[in-house]
Amino acid sequence: MDWTPTISELSGPRYQRIVEAMEADIAAGRLVRGQQLPTQRALAKTLGIDLTTVTRAYTEARRRGIMEARVGQGSFVSETSARRAVDLPHPVAIDLSMNVPPHPLEAQLDERIIAGMEAIRAQSGLTAYLNYQPPGGSAHEREVAARWMRSRVPHAQADKLVVFPGAQTILFNLLAQLARPGDIVLTEALTFPGIKAAAMRLGIKLVGVAMDDGGILPDALAKACRVHRPRAVYLIPTLHNPTTATLSPERRSAVAKIIRDTDTILIEDDAYGLLDRSASPIAGLIPERTYLATTLSKCIAPALRVAYLVTPDSDAQREMRTYLQATVQMPAPLMVALVTHWIESGIADRIITAIRSEAIGRQQLAQRALKGFQFVAKPAAHHLWLRLPDDRPDVAAYLLRNGLAVVAGDAFTVDGTPPHAARVSLGAARNRSQLTEALRILVGALQKPADTRQIV
């Protein structure tokens, strides 16, 4: 469809007014992702202005990430606000190894960051957040977060909540507080590499518990608790990393009973819970025995470095604030202020909705591309778990030689033999076009005979 910006009511240089009109029309839905824009010459003629002005406007729109040029095709509204990666290690051209959320244009992250900072500046001034703040967040920040979380975690209260700079810091501090070198912590047989790294640094032994497509097996967990008497159990019960398994309500109840009966502690990693709100955290069943970690890294953006820990009681909350202060002092105050503003204004939920919708679209794209291959996935997950051919042990290395990075199963294995599988992070692709190309490379590698891929 044709697009003619309305710039007469805007102020500033004409090129800037064109860009602002483009942003406004995208936000209002008058321009949609992938929509072709007029040629520079056609728009200049329509508006009765110099071609150089439109050229400057299109250049600025590309710089802001709201427009992209396709060689031989023209200019289009961008699918995403994410910028093209410029620091990928050789020979990676497309990196599907990092499990990050996509940034669809509908999330309007650039605009909302700017507007959010302006709202904070108008209310209290930005310099108010350049000094030391209370470790674990102010009373107001904790109350806003607790109120937001109560739809999924009814027992969330400000005096039980700590604001952390990311979930990894939560995990490291929790392990340091709950266990000592040589102690055992149980996890799923496949688990988040971050907990493996933290445990190794602290001298804590992880023991993997058997799981199936539905997640951890309650009988196996009960036996492991009796045998090992662990200091804690660490689980990712919703959209498990890497398998995407989500525990059923029945298994959640069984796990809660085991934790209570064996007098142990649950560390519940709810990194992906906001992408699947139908799954209620186990913490709701045993709040007195659960540390629940919720992060914005997987549902908004990892670089915000804002995560929330709901503790069993106020004493545990004070203890974790002490650990936080001793390790990293506090989360970044400006980022916490921005997130708090987004939560209070409802913007956080709108961003998450846009990201969840994009995740669903990417999963549908992957389902079509990988039809006939063995993999497991969930509709709103940012990743899928792909079974690799048993007779082709070099698939991951072959993919890397062809410019595509995924993560092989050994990165997630706690003990025993790594599965011949790979986590493919769909959210890491800059847009759906890049994801389509990545999946094309992936399918080609899976179909290629083993002897033609080996290097002698």
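# A guided tour of the chain

In this predicted model, buried residues make up 54% of the 456 residues in the chain. Before selecting anything, turn the whole chain in the viewer: its C-alpha trace spans about 80 × 65 × 35 Å along the principal axes, and its secondary structure comes to 14 helices and 17 strands. The radius of gyration is 24 Å, close to the 23 Å that the globule rule gives for 456 residues, so the chain is as compact as a globular protein of that length. Of the contacts with a separation of 6 or more, 71% are between residues 24 or more positions apart. If you switch on a surface, the chain exposes about 20,300 Å², of which carbon and sulfur atoms supply 53%.

## The seven-stranded sheet

Select the strands β4, β12, β11, β10, β9, β5 and β6, which in that order form an open sheet of seven strands with mixed pairing. The edges of this sheet are β4, at residues 161-164, and β6, at residues 205-209, each of which pairs on one side only. Looking along the sheet, you can follow how neighbouring strands are turned by 20 degrees against each other on average, direction ignored. As background, strands of a sheet pair through backbone hydrogen bonds, either parallel or antiparallel.

Now narrow the selection to β11, residues 290-295, and β10, residues 266-269, which pair in the parallel sense over four bridges. On this side of β11, Glu268 has Leu292 as its bridge partner, while Asp269 stands opposite Ala293. Then add β12, which runs antiparallel to β11 and is joined to β11 by four bridges; here the bridge partner of Leu292 is Val310.

Is β11 enclosed or open? Six of the six residues of β11 are buried, so this strand is largely enclosed by the rest of the structure. Show the side chains, and you will find Thr290, Leu292 and Thr294 pointing one way, with Tyr291, Ala293 and Thr295 pointing the other way.

## Helices across the sheet

Next select helix α8, residues 218-228, which lies across β5, β6 and β9 and runs at about 170 degrees to β5. Helix α10, residues 314-327, lies across β4, β11 and β12 instead, and runs at about 20 degrees to β4.

Move on to helix α5, residues 139-149, where the buried residues are Glu141, Arg142, Val144, Ala145, Ala146, Trp148 and Met149. What covers these buried residues includes the strands β4, β11 and β12 together with the helices α10, α11 and α12.

## The nonpolar cores

Which residues have the most contacts inside the largest nonpolar core? This core has 70 residues, and those with the most contacts inside it are Trp148, Met149, Ile300, Tyr308 and Trp342. Centre the view on Tyr308 and show its surroundings: among the residues that Tyr308 touches, not counting those up to four places away in sequence, are Ala145, Trp148 and Met149, as well as Leu161, Val162, Val163, Leu292, Ala293 and Thr294. A second, separate core has 26 residues, including Leu370, Leu386, Leu435 and Ala438.

## The four-stranded sheet

Leu386 from that second core is a useful marker for the next stop. Select β13, β14, β17 and β16, which in that order make up an open sheet of four strands with antiparallel pairing. Its edge strands are β13, residues 375-376, and β16, residues 407-408, each pairing on one side only. In the middle of your selection, β14 (residues 383-387) and β17 (residues 421-425) pair in the antiparallel sense over five bridges, and the bridge partner of Leu386 in β17 is Ala422.

## A last stop at Arg252

Finally, select Arg252, which is found in helix α9, residues 249-261. Is Arg252 buried or exposed? Its relative accessible area is 5%, and because a residue counts as buried under 20%, Arg252 is buried. Leaving aside neighbours within four places in sequence, Arg252 is in contact with Pro237, Thr238, Thr246, Leu247, Glu268, Ala279, Ser280, Pro281, Ile282 and Leu285. One of these contacts, Glu268, is the residue you met earlier as the bridge partner of Leu292. To end the tour, draw a distance from Arg252 to Asp315, which is 63 residues apart from Arg252 along the chain: their C-alpha atoms are separated by 26 Å.

Notes
Residues are numbered from 1 along each chain as its sequence is written. Side-chain values use heavy atoms; hydrogens and water are left out. Two strands pair if DSSP finds at least two bridges between them. Helices (H or I, at least four residues) and strands (E, at least two) are DSSP runs, numbered from the N terminus. Axes are lines fitted to C-alpha atoms, for helices over the stretch in contact, and angles run from 0 to 180 degrees between N-to-C directions. Contact means heavy atoms within 4.5 Å. A nonpolar core is a set of buried Ala, Val, Leu, Ile, Met, Phe, Trp, Tyr and Cys residues joined through side-chain atoms within 4.5 Å. Buried means under 20% relative accessible area, exposed over 50%, partly exposed in between (1.4 Å probe, protein chains only). The radius of gyration is taken over C-alpha atoms; the globule rule is 2.2 Å times the number of residues to the power 0.38. Accessible areas come from the Shrake-Rupley method with a 1.4 Å probe; for residues, only the protein chains shown count as cover.
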